[in-house]
Amino acid sequence: MGCDRNCGLVTGAVIGAVVALFGGILMPVGDMLIEKTIKKESVLEEGTIAFKNWVKAGANVYRQFWIFDVQNPEEVAVNSSKIKVKQRGPYTYRVRYLAKDIISQDSKTHTVSFQRPKGAIFEPSLSVGTENDTFTVLNLAVAATPHLYPSTFVQIILNVFIKNSNSFMFQKRTLKELLWGYKDPFLSSVPYSIPTTVGVFYPYNNTADGVYKVFNGKDDISKVARIDTYKGKKHLSYWPSYCGMINGTDGATFPPFIEKNRVLQFFSADICRSFYAVFGAEINLKGIPVYRFVLPSRIFASPLQNPDNHCFCTEKIISKGCTLYGVLDISKCKEGKPVYISLPHFLHASPEIAELIEGLSPNEEEHSTYLDVEPITGFTLQFAQRMQINILVKPAKNIVALKDLKHNYLVPILWLNETATIADEKAEIFRNQVTGKINLLGLIEMILMSVGAVMFIAFTISYCACRLKNAK
(Lines give C-alpha, C1' and ligand atoms only; values in the text may rest on other atoms or scores of the structure.)
Protein backbone atom coordinates (compact mmCIF):
# COMPACT_ATOMS: atom_id res chain seq x y z
CA MET A 1 0.00 0.00 0.00
CA GLY A 2 2.83 2.36 0.98
CA CYS A 3 4.65 1.50 -2.20
CA ASP A 4 1.62 2.24 -4.31
CA ARG A 5 1.19 5.60 -2.64
CA ASN A 6 4.86 6.48 -2.95
CA CYS A 7 4.89 5.41 -6.58
CA GLY A 8 1.83 7.58 -7.24
CA LEU A 9 3.49 10.57 -5.61
CA VAL A 10 6.67 10.04 -7.61
CA THR A 11 4.64 9.65 -10.77
CA GLY A 12 2.76 12.87 -10.02
CA ALA A 13 6.02 14.72 -9.40
CA VAL A 14 7.47 13.41 -12.66
CA ILE A 15 4.34 14.39 -14.60
CA GLY A 16 4.50 17.87 -13.04
CA ALA A 17 8.13 18.21 -14.00
CA VAL A 18 7.37 17.09 -17.56
CA VAL A 19 4.46 19.55 -17.85
CA ALA A 20 6.59 22.41 -16.52
CA LEU A 21 9.45 21.41 -18.83
CA PHE A 22 7.05 21.28 -21.78
CA GLY A 23 5.81 24.76 -20.94
CA GLY A 24 9.42 25.98 -20.76
CA ILE A 25 10.29 24.35 -24.08
CA LEU A 26 7.14 25.79 -25.66
CA MET A 27 8.34 29.34 -24.92
CA PRO A 28 11.33 29.43 -27.31
CA VAL A 29 9.58 27.14 -29.79
CA GLY A 30 6.45 29.31 -29.73
CA ASP A 31 8.50 32.48 -30.06
CA MET A 32 10.32 30.93 -33.00
CA LEU A 33 7.02 30.02 -34.70
CA ILE A 34 5.62 33.50 -34.09
CA GLU A 35 8.75 35.15 -35.45
CA LYS A 36 8.69 32.93 -38.53
CA THR A 37 5.02 33.68 -39.19
CA ILE A 38 5.41 37.43 -38.65
CA LYS A 39 8.40 37.59 -40.98
CA LYS A 40 6.50 35.67 -43.65
CA GLU A 41 3.41 37.89 -43.42
CA SER A 42 5.45 41.12 -43.30
CA VAL A 43 6.96 40.67 -46.75
CA LEU A 44 5.53 43.04 -49.36
CA GLU A 45 4.42 40.51 -51.93
CA GLU A 46 1.10 39.26 -53.19
CA GLY A 47 -0.82 37.18 -50.62
CA THR A 48 0.66 38.51 -47.37
CA ILE A 49 -1.22 40.52 -44.74
CA ALA A 50 1.34 43.32 -44.99
CA PHE A 51 0.95 43.62 -48.75
CA LYS A 52 -2.83 43.85 -48.54
CA ASN A 53 -2.66 46.69 -45.99
CA TRP A 54 0.24 48.35 -47.79
CA VAL A 55 -1.47 48.57 -51.19
CA LYS A 56 -4.40 50.48 -49.74
CA ALA A 57 -4.72 52.12 -46.33
CA GLY A 58 -6.60 49.86 -43.93
CA ALA A 59 -8.10 52.89 -42.19
CA ASN A 60 -9.64 56.13 -43.37
CA VAL A 61 -7.01 58.85 -43.55
CA TYR A 62 -8.29 62.37 -42.88
CA ARG A 63 -6.55 65.68 -43.39
CA GLN A 64 -7.98 68.48 -41.25
CA PHE A 65 -7.21 72.11 -42.02
CA TRP A 66 -7.32 75.17 -39.79
CA ILE A 67 -7.06 78.44 -41.71
CA PHE A 68 -5.52 81.58 -40.17
CA ASP A 69 -8.06 84.29 -41.03
CA VAL A 70 -6.36 87.74 -40.93
CA GLN A 71 -8.44 90.26 -38.96
CA ASN A 72 -6.55 93.50 -39.74
CA PRO A 73 -5.23 93.36 -43.33
CA GLU A 74 -5.23 97.11 -43.97
CA GLU A 75 -3.42 97.93 -40.71
CA VAL A 76 -0.66 95.52 -41.62
CA ALA A 77 -0.27 96.66 -45.23
CA VAL A 78 -0.35 100.40 -44.41
CA ASN A 79 1.10 100.67 -40.89
CA SER A 80 3.16 97.47 -40.74
CA SER A 81 1.23 96.46 -37.62
CA LYS A 82 1.21 93.08 -35.96
CA ILE A 83 -0.89 90.55 -37.85
CA LYS A 84 -3.98 89.51 -35.92
CA VAL A 85 -5.17 86.04 -36.91
CA LYS A 86 -8.15 83.94 -35.96
CA GLN A 87 -7.99 80.19 -36.40
CA ARG A 88 -10.99 78.70 -38.24
CA GLY A 89 -11.54 74.98 -38.63
CA PRO A 90 -11.40 72.12 -38.87
CA TYR A 91 -12.23 71.62 -42.53
CA THR A 92 -11.81 67.92 -43.21
CA TYR A 93 -10.91 65.93 -46.33
CA ARG A 94 -10.51 62.21 -46.79
CA VAL A 95 -7.16 61.50 -48.43
CA ARG A 96 -5.02 58.46 -49.32
CA TYR A 97 -8.17 56.57 -50.26
CA LEU A 98 -6.67 55.54 -53.61
CA ALA A 99 -4.67 52.31 -53.82
CA LYS A 100 -1.03 52.37 -54.83
CA ASP A 101 -0.68 52.26 -58.60
CA ILE A 102 1.68 50.73 -61.21
CA ILE A 103 3.07 48.19 -58.72
CA SER A 104 6.05 46.24 -60.04
CA GLN A 105 8.18 43.64 -58.22
CA ASP A 106 11.89 43.18 -58.94
CA SER A 107 13.04 39.74 -57.78
CA LYS A 108 16.72 40.54 -58.38
CA THR A 109 16.91 43.57 -56.10
CA HIS A 110 14.03 42.45 -53.83
CA THR A 111 12.28 45.76 -54.34
CA VAL A 112 8.82 46.87 -55.35
CA SER A 113 8.14 50.11 -57.22
CA PHE A 114 4.87 52.04 -57.28
CA GLN A 115 3.17 55.40 -57.52
CA ARG A 116 0.90 56.88 -54.89
CA PRO A 117 -2.05 58.70 -56.50
CA LYS A 118 -3.39 61.75 -54.71
CA GLY A 119 -6.98 62.62 -54.04
CA ALA A 120 -9.03 64.61 -51.54
CA ILE A 121 -12.75 64.34 -50.84
CA PHE A 122 -14.41 67.00 -48.69
CA GLU A 123 -16.22 65.64 -45.61
CA PRO A 124 -18.97 68.14 -44.62
CA SER A 125 -20.01 66.16 -41.53
CA LEU A 126 -16.49 66.52 -40.09
CA SER A 127 -16.13 70.21 -40.97
CA VAL A 128 -17.27 73.48 -39.42
CA GLY A 129 -18.37 74.89 -42.76
CA THR A 130 -18.25 74.38 -46.51
CA GLU A 131 -15.57 74.64 -49.18
CA ASN A 132 -17.08 78.00 -50.12
CA ASP A 133 -16.28 79.60 -46.75
CA THR A 134 -14.22 82.75 -47.33
CA PHE A 135 -11.06 83.87 -45.55
CA THR A 136 -8.76 86.88 -45.58
CA VAL A 137 -5.36 85.43 -46.30
CA LEU A 138 -2.01 86.45 -47.70
CA ASN A 139 -1.88 87.06 -51.45
CA LEU A 140 0.42 84.18 -52.39
CA ALA A 141 1.42 85.54 -55.81
CA VAL A 142 2.22 89.06 -54.59
CA ALA A 143 4.15 87.83 -51.54
CA ALA A 144 6.31 85.52 -53.67
CA THR A 145 7.20 88.14 -56.30
CA PRO A 146 10.25 89.72 -54.53
CA HIS A 147 11.69 86.25 -53.89
CA LEU A 148 11.17 84.91 -57.40
CA TYR A 149 12.17 88.13 -59.16
CA PRO A 150 14.84 89.97 -57.12
CA SER A 151 15.75 92.26 -60.06
CA THR A 152 14.63 95.86 -59.48
CA PHE A 153 13.78 96.31 -63.16
CA VAL A 154 11.57 93.20 -63.23
CA GLN A 155 9.83 94.21 -59.99
CA ILE A 156 8.99 97.64 -61.41
CA ILE A 157 7.40 96.01 -64.46
CA LEU A 158 5.48 93.45 -62.41
CA ASN A 159 4.27 96.20 -60.08
CA VAL A 160 2.32 97.67 -62.99
CA PHE A 161 0.39 94.41 -63.41
CA ILE A 162 -0.14 94.12 -59.65
CA LYS A 163 -1.68 97.61 -59.55
CA ASN A 164 -3.78 97.12 -62.69
CA SER A 165 -5.23 93.86 -61.35
CA ASN A 166 -6.11 95.49 -57.99
CA SER A 167 -3.96 92.95 -56.14
CA PHE A 168 -2.92 93.73 -52.57
CA MET A 169 -0.92 92.13 -49.79
CA PHE A 170 -4.01 90.28 -48.57
CA GLN A 171 -6.96 88.84 -50.44
CA LYS A 172 -10.23 87.03 -49.86
CA ARG A 173 -10.32 83.41 -50.99
CA THR A 174 -12.59 80.43 -50.46
CA LEU A 175 -11.28 77.32 -48.76
CA LYS A 176 -11.37 75.41 -52.04
CA GLU A 177 -9.42 78.12 -53.85
CA LEU A 178 -6.79 78.50 -51.16
CA LEU A 179 -6.09 74.78 -50.89
CA TRP A 180 -6.50 73.43 -54.40
CA GLY A 181 -5.88 76.42 -56.65
CA TYR A 182 -7.36 79.50 -58.36
CA LYS A 183 -6.55 81.68 -61.34
CA ASP A 184 -4.62 84.62 -59.93
CA PRO A 185 -5.65 87.96 -61.52
CA PHE A 186 -2.16 89.47 -61.26
CA LEU A 187 -0.42 86.51 -62.88
CA SER A 188 -3.15 86.20 -65.50
CA SER A 189 -2.57 89.81 -66.58
CA VAL A 190 1.16 89.29 -67.24
CA PRO A 191 1.62 89.00 -71.04
CA TYR A 192 4.13 86.18 -70.76
CA SER A 193 3.82 82.41 -70.60
CA ILE A 194 3.89 81.80 -66.85
CA PRO A 195 1.81 79.56 -64.55
CA THR A 196 -1.30 81.47 -63.49
CA THR A 197 -2.92 79.00 -61.08
CA VAL A 198 -1.96 79.39 -57.42
CA GLY A 199 -2.86 77.26 -54.39
CA VAL A 200 -1.17 75.96 -51.26
CA PHE A 201 -1.46 72.36 -52.48
CA TYR A 202 -1.89 72.94 -56.20
CA PRO A 203 -1.73 70.63 -58.09
CA TYR A 204 -3.07 67.75 -55.99
CA ASN A 205 -6.11 65.79 -57.21
CA ASN A 206 -5.42 63.41 -60.08
CA THR A 207 -1.66 63.65 -59.55
CA ALA A 208 0.98 61.36 -58.03
CA ASP A 209 4.05 62.33 -56.05
CA GLY A 210 6.57 60.35 -58.08
CA VAL A 211 7.78 56.77 -58.38
CA TYR A 212 8.90 55.09 -55.17
CA LYS A 213 11.02 51.97 -54.98
CA VAL A 214 11.05 50.20 -51.60
CA PHE A 215 12.54 46.96 -50.34
CA ASN A 216 9.98 44.15 -50.08
CA GLY A 217 11.81 42.36 -47.25
CA LYS A 218 12.04 39.03 -49.09
CA ASP A 219 15.78 38.71 -48.49
CA ASP A 220 16.08 40.85 -45.35
CA ILE A 221 12.98 41.57 -43.28
CA SER A 222 14.76 44.36 -41.42
CA LYS A 223 14.65 46.40 -44.66
CA VAL A 224 10.97 45.87 -45.47
CA ALA A 225 9.14 49.02 -46.70
CA ARG A 226 12.33 51.08 -46.50
CA ILE A 227 12.62 53.48 -49.42
CA ASP A 228 15.46 52.65 -51.81
CA THR A 229 14.85 55.43 -54.34
CA TYR A 230 12.33 58.20 -54.96
CA LYS A 231 11.97 59.48 -58.52
CA GLY A 232 14.96 57.29 -59.34
CA LYS A 233 17.26 58.91 -56.79
CA LYS A 234 18.52 58.05 -53.34
CA HIS A 235 18.60 61.67 -52.21
CA LEU A 236 16.69 64.84 -53.04
CA SER A 237 18.33 67.05 -55.64
CA TYR A 238 17.12 70.17 -53.82
CA TRP A 239 19.65 69.68 -51.03
CA PRO A 240 23.23 68.42 -50.69
CA SER A 241 23.33 64.67 -50.23
CA TYR A 242 23.98 64.88 -46.49
CA CYS A 243 20.74 66.85 -46.03
CA GLY A 244 18.62 65.28 -48.73
CA MET A 245 19.08 61.58 -48.03
CA ILE A 246 15.80 59.69 -48.30
CA ASN A 247 15.68 57.60 -45.14
CA GLY A 248 13.13 55.20 -43.71
CA THR A 249 9.66 54.24 -44.90
CA ASP A 250 6.61 56.31 -45.77
CA GLY A 251 5.45 55.94 -42.15
CA ALA A 252 2.62 53.48 -42.82
CA THR A 253 4.65 50.45 -41.79
CA PHE A 254 8.08 49.64 -40.37
CA PRO A 255 10.16 46.46 -40.07
CA PRO A 256 8.73 44.11 -37.41
CA PHE A 257 9.95 43.51 -33.85
CA ILE A 258 10.40 47.13 -32.83
CA GLU A 259 12.15 47.89 -29.56
CA LYS A 260 11.69 51.01 -27.46
CA ASN A 261 15.23 52.26 -28.10
CA ARG A 262 14.66 52.19 -31.84
CA VAL A 263 14.53 55.40 -33.89
CA LEU A 264 11.86 55.30 -36.59
CA GLN A 265 12.71 57.15 -39.80
CA PHE A 266 10.13 58.16 -42.39
CA PHE A 267 10.07 60.31 -45.51
CA SER A 268 7.51 62.92 -46.57
CA ALA A 269 7.47 64.02 -50.21
CA ASP A 270 5.12 66.90 -49.33
CA ILE A 271 7.81 68.69 -47.36
CA CYS A 272 10.85 67.32 -49.17
CA ARG A 273 12.71 65.68 -46.31
CA SER A 274 13.03 62.73 -43.96
CA PHE A 275 12.11 62.85 -40.30
CA TYR A 276 12.62 60.57 -37.33
CA ALA A 277 10.57 59.73 -34.25
CA VAL A 278 11.62 58.43 -30.83
CA PHE A 279 9.79 56.34 -28.24
CA GLY A 280 7.41 58.35 -26.10
CA ALA A 281 5.06 55.99 -24.28
CA GLU A 282 3.40 52.59 -24.29
CA ILE A 283 -0.36 52.84 -24.68
CA ASN A 284 -3.36 50.62 -25.34
CA LEU A 285 -5.20 51.24 -28.61
CA LYS A 286 -8.54 49.42 -28.82
CA GLY A 287 -7.14 46.50 -26.86
CA ILE A 288 -3.86 46.40 -28.77
CA PRO A 289 -0.59 47.35 -26.99
CA VAL A 290 1.29 49.88 -29.13
CA TYR A 291 4.37 52.05 -28.84
CA ARG A 292 3.85 55.78 -29.34
CA PHE A 293 6.76 57.39 -31.20
CA VAL A 294 6.89 61.18 -31.20
CA LEU A 295 8.63 63.79 -33.33
CA PRO A 296 11.28 65.40 -31.09
CA SER A 297 11.66 69.18 -30.95
CA ARG A 298 15.24 68.73 -32.19
CA ILE A 299 13.78 68.19 -35.68
CA PHE A 300 13.08 71.94 -35.87
CA ALA A 301 16.17 73.05 -33.94
CA SER A 302 18.55 75.68 -35.30
CA PRO A 303 21.58 74.46 -37.29
CA LEU A 304 23.73 75.38 -34.30
CA GLN A 305 21.79 72.89 -32.19
CA ASN A 306 21.17 70.35 -34.95
CA PRO A 307 23.69 70.42 -37.84
CA ASP A 308 21.30 68.27 -39.92
CA ASN A 309 19.18 71.40 -40.41
CA HIS A 310 21.96 73.44 -41.97
CA CYS A 311 20.48 73.10 -45.47
CA PHE A 312 17.11 74.42 -44.31
CA CYS A 313 18.49 77.83 -43.39
CA THR A 314 19.13 79.85 -46.55
CA GLU A 315 18.33 83.38 -45.32
CA LYS A 316 21.06 84.46 -42.87
CA ILE A 317 19.67 87.93 -42.04
CA ILE A 318 16.09 86.98 -41.26
CA SER A 319 17.19 83.87 -39.36
CA LYS A 320 19.73 85.94 -37.41
CA GLY A 321 22.66 83.91 -38.60
CA CYS A 322 20.67 80.65 -38.47
CA THR A 323 20.26 80.94 -34.70
CA LEU A 324 16.45 80.95 -34.73
CA TYR A 325 14.70 77.62 -34.32
CA GLY A 326 11.26 76.17 -34.91
CA VAL A 327 10.93 76.70 -38.69
CA LEU A 328 12.50 75.10 -41.74
CA ASP A 329 12.97 76.84 -45.08
CA ILE A 330 11.82 74.50 -47.88
CA SER A 331 11.80 77.10 -50.65
CA LYS A 332 14.39 75.14 -52.64
CA CYS A 333 11.93 72.33 -53.22
CA LYS A 334 9.03 74.72 -53.85
CA GLU A 335 10.54 76.33 -56.96
CA GLY A 336 11.90 79.24 -54.96
CA LYS A 337 8.61 80.20 -53.35
CA PRO A 338 9.26 81.45 -49.77
CA VAL A 339 7.63 78.49 -47.99
CA TYR A 340 8.55 77.66 -44.41
CA ILE A 341 7.20 74.78 -42.37
CA SER A 342 6.81 74.57 -38.60
CA LEU A 343 4.73 72.87 -35.98
CA PRO A 344 1.24 74.40 -35.57
CA HIS A 345 1.11 77.81 -33.87
CA PHE A 346 4.95 77.83 -33.97
CA LEU A 347 5.17 75.22 -31.23
CA HIS A 348 8.80 74.88 -29.98
CA ALA A 349 9.85 77.91 -32.07
CA SER A 350 11.96 80.93 -31.11
CA PRO A 351 9.80 83.66 -29.51
CA GLU A 352 11.04 86.19 -32.10
CA ILE A 353 9.39 84.24 -34.92
CA ALA A 354 5.86 84.78 -33.64
CA GLU A 355 6.30 88.21 -32.04
CA LEU A 356 4.58 89.93 -35.01
CA ILE A 357 1.62 87.51 -34.97
CA GLU A 358 -1.28 87.77 -32.52
CA GLY A 359 -3.80 85.01 -31.90
CA LEU A 360 -1.52 81.97 -31.62
CA SER A 361 -1.78 79.40 -28.81
CA PRO A 362 0.78 76.58 -29.16
CA ASN A 363 -0.23 73.42 -27.35
CA GLU A 364 1.88 70.25 -27.05
CA GLU A 365 -1.08 67.86 -26.95
CA GLU A 366 -2.91 69.34 -29.96
CA HIS A 367 0.04 70.34 -32.11
CA SER A 368 2.66 67.57 -31.81
CA THR A 369 3.20 64.69 -34.25
CA TYR A 370 3.14 61.02 -33.24
CA LEU A 371 2.85 57.48 -34.62
CA ASP A 372 1.32 54.55 -32.70
CA VAL A 373 3.11 51.43 -33.93
CA GLU A 374 2.29 47.82 -33.03
CA PRO A 375 5.81 46.60 -32.09
CA ILE A 376 5.56 42.95 -33.22
CA THR A 377 4.31 43.57 -36.77
CA GLY A 378 5.63 47.11 -37.25
CA PHE A 379 2.24 48.29 -38.53
CA THR A 380 1.27 51.90 -37.79
CA LEU A 381 -2.24 51.61 -36.34
CA GLN A 382 -2.75 55.29 -35.54
CA PHE A 383 -0.93 58.50 -36.34
CA ALA A 384 -1.27 62.28 -36.28
CA GLN A 385 1.00 64.31 -38.55
CA ARG A 386 0.71 68.02 -37.77
CA MET A 387 2.36 70.78 -39.74
CA GLN A 388 1.98 74.49 -40.40
CA ILE A 389 2.53 76.26 -43.74
CA ASN A 390 4.04 79.74 -43.52
CA ILE A 391 5.09 82.28 -46.15
CA LEU A 392 7.96 84.74 -45.69
CA VAL A 393 6.99 88.30 -46.69
CA LYS A 394 9.69 90.94 -47.08
CA PRO A 395 9.36 94.70 -47.63
CA ALA A 396 9.72 95.59 -51.31
CA LYS A 397 9.94 99.30 -52.18
CA ASN A 398 9.28 98.63 -55.86
CA ILE A 399 6.02 96.80 -55.24
CA VAL A 400 3.22 99.06 -54.05
CA ALA A 401 1.44 96.30 -52.11
CA LEU A 402 4.55 95.67 -49.98
CA LYS A 403 6.31 99.05 -49.93
CA ASP A 404 4.99 100.23 -46.53
CA LEU A 405 6.16 97.16 -44.63
CA LYS A 406 8.84 97.80 -42.03
CA HIS A 407 9.30 94.21 -40.91
CA ASN A 408 9.88 90.77 -42.31
CA TYR A 409 6.80 88.69 -41.59
CA LEU A 410 6.59 84.91 -41.38
CA VAL A 411 2.86 84.73 -42.10
CA PRO A 412 1.01 81.55 -41.03
CA ILE A 413 -1.41 80.44 -43.76
CA LEU A 414 -2.83 77.25 -42.29
CA TRP A 415 -1.99 74.21 -40.27
CA LEU A 416 -3.05 70.66 -40.96
CA ASN A 417 -3.56 67.48 -39.02
CA GLU A 418 -3.40 64.29 -41.07
CA THR A 419 -4.75 61.43 -38.98
CA ALA A 420 -5.82 57.81 -39.19
CA THR A 421 -6.92 55.27 -36.60
CA ILE A 422 -7.47 51.58 -37.17
CA ALA A 423 -11.21 50.91 -37.49
CA ASP A 424 -13.03 48.88 -34.82
CA GLU A 425 -13.62 45.88 -37.11
CA LYS A 426 -10.00 45.94 -38.29
CA ALA A 427 -8.83 46.18 -34.67
CA GLU A 428 -10.91 43.11 -33.80
CA ILE A 429 -9.41 41.17 -36.70
CA PHE A 430 -5.92 42.28 -35.64
CA ARG A 431 -6.57 41.19 -32.05
CA ASN A 432 -7.88 37.80 -33.18
CA GLN A 433 -5.19 37.07 -35.74
CA VAL A 434 -2.14 38.61 -34.10
CA THR A 435 -2.18 39.81 -30.50
CA GLY A 436 -4.90 37.37 -29.44
CA LYS A 437 -2.99 34.31 -30.65
CA ILE A 438 0.27 35.57 -29.19
CA ASN A 439 -1.38 36.26 -25.84
CA LEU A 440 -3.10 32.86 -25.89
CA LEU A 441 0.19 31.10 -26.57
CA GLY A 442 1.82 33.03 -23.73
CA LEU A 443 -1.07 32.15 -21.42
CA ILE A 444 -0.79 28.44 -22.29
CA GLU A 445 2.95 28.54 -21.64
CA MET A 446 2.45 30.18 -18.23
CA ILE A 447 -0.35 27.77 -17.27
CA LEU A 448 1.71 24.72 -18.22
CA MET A 449 4.74 25.98 -16.32
CA SER A 450 2.71 27.06 -13.29
CA VAL A 451 0.59 23.88 -13.09
CA GLY A 452 3.64 21.70 -13.72
CA ALA A 453 5.67 23.49 -11.07
CA VAL A 454 2.84 23.28 -8.51
CA MET A 455 2.33 19.58 -9.23
CA PHE A 456 6.05 18.86 -8.96
CA ILE A 457 6.45 20.76 -5.68
CA ALA A 458 3.25 19.39 -4.15
CA PHE A 459 3.93 15.76 -5.02
CA THR A 460 7.59 16.03 -4.03
CA ILE A 461 6.69 17.49 -0.61
CA SER A 462 4.03 14.82 -0.12
CA TYR A 463 6.48 12.08 -1.08
CA CYS A 464 9.12 13.40 1.34
CA ALA A 465 6.54 13.74 4.11
CA CYS A 466 5.33 10.19 3.50
CA ARG A 467 8.89 8.80 3.59
CA LEU A 468 9.60 10.67 6.80
CA LYS A 469 6.42 9.31 8.40
CA ASN A 470 7.27 5.76 7.39
CA ALA A 471 10.79 6.12 8.73
CA LYS A 472 9.46 7.14 12.14
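A residue is called buried here when its relative accessible area is under 20%. With that cut-off in hand, the aromatic residues of this predicted model make a good starting point.

By this measure, W180 and F201 are both buried. For W180 the relative accessible area is 14%, so the residue falls under the cut-off and counts as buried. Y204, at 10% relative accessibility, is likewise counted as buried.

Across the whole structure, a search returns 18 aromatic pairs. One of them joins W180 to F201, with ring centres 6.0 Å apart and an angle of 45° between the planes, a tilted arrangement. W180 belongs to helix α6, which spans residues 175-180, while F201 sits in the loop that runs between β9 (197-198) and β10 (208-215); the pair therefore ties together parts that lie 21 residues apart in sequence.

W180 also pairs with Y204, again in a tilted arrangement, here with 5.1 Å from centre to centre and 45° between the planes. Because Y204 is found in the loop between β9 and β10 and W180 in helix α6, this pair ties together parts that are 24 residues apart in sequence.

Elsewhere in the search for ring pairs, a cluster emerges: F51, W54, F114, Y212, Y230 and F267 are linked through such pairs.

Charged side chains meet aromatic rings as well. The ring of F201, already introduced as a partner of W180, has the charged end of R63 sitting over it, 5.6 Å from the ring centre. A further case involves K223, whose charged end sits over the ring of F215 at 4.1 Å from its centre.

Definitions and conventions: Residues are numbered from 1 along each chain as its sequence is written. This is a predicted model: local features need pLDDT of at least 70, side-chain atom pairs count only at pLDDT 80 or more; totals for chains, interfaces and linings use all residues. Side-chain values use heavy atoms; hydrogens and water are left out. Rings of Phe, Tyr and Trp (its six-membered ring) pair if their centres lie within 6.5 Å; planes under 30 degrees apart count as stacked, over 60 as edge-to-face and the rest as tilted. Helices (H or I, at least four residues) and strands (E, at least two) are DSSP runs, numbered from the N terminus. Buried means under 20% relative accessible area, exposed over 50%, partly exposed in between (1.4 Å probe, protein chains only). A charge sits over a ring if NZ of Lys or CZ of Arg is within 6 Å of the ring centre and within 35 degrees of the ring normal.
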